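Okay, thanks for coming, everyone. Let me put the structure up on the screen and we'll walk through the inside of it together.

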Amino acid sequence: MISKQEKKNRKELGDKLRQTREKMDFTQAEVAEKTGITVNYYAMIERGEVNPSLSKVRKLLNVLKINPSKIF
């Protein structure tokens, strides 16, 4: 079982990714393709349902041009 803090962290990450993706006018499919993950998995990240690995988060931040200090 995950803690409330973990749920909050996942939700915040997902919200930031979604907001940035939408500002850049990317679809979930485009971001997923550029990072080498499935669209379904990326959607789960945006919804805060999964805890992506650090390497996946790095790829997402790179594709979306998000400074890591805005996330961590």
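Leaving aside its neighbours within four places in sequence, which residues is Leu17 in contact with? Before I answer, keep in mind that this is a predicted model. So here's the list: Leu17 contacts Tyr42, Ile45, Glu46, Leu60, Leu61, Leu64 and Ile66.

Several of those names come back when we look at the core. The largest nonpolar core has 13 residues, and Leu17, Ile37, Tyr42, Ile45, Leu60 and Leu64 have the most contacts inside it. Four helices each give two or more residues to this core: α1 (4–23), α2 (28–35), α3 (39–46) and α4 (54–63). The largest share is from α4, with 3 residues.

Now let's zoom in on α3. That's where Ile45 sits. Is Ile45 buried or exposed? Buried: its relative accessibility is 1%, and the cut-off for buried is under 20%. If we skip residues up to four places away in sequence, Ile45 touches Arg10, Gly14, Leu17, Ile37, Val50, Pro52 and Leu60.

Ile45 has company, too: Tyr42, Ala43 and Glu46 are also buried in α3. Those four cover an arc of only 155° around the axis, so they're on the same side of α3. And what do the buried residues of α3 pack against? They pack against α1, α2 and α4.

One last stop, just past the helix. α3 is followed by Gly48, which has a positive phi, near 75°. And for a sense of distance, Ile45 and Ser55 are 10 residues apart in sequence and 14 Å apart in space, going C-alpha to C-alpha.

Technical notes
Residues are numbered from 1 along each chain as its sequence is written. This is a predicted model: local features need pLDDT of at least 70, side-chain atom pairs count only at pLDDT 80 or more; totals for chains, interfaces and linings use all residues. Side-chain values use heavy atoms; hydrogens and water are left out. A nonpolar core is a set of buried Ala, Val, Leu, Ile, Met, Phe, Trp, Tyr and Cys residues joined through side-chain atoms within 4.5 Å. Buried means under 20% relative accessible area, exposed over 50%, partly exposed in between (1.4 Å probe, protein chains only). Contact means heavy atoms within 4.5 Å. The arc is that of the directions from the helix axis to the C-beta atoms.
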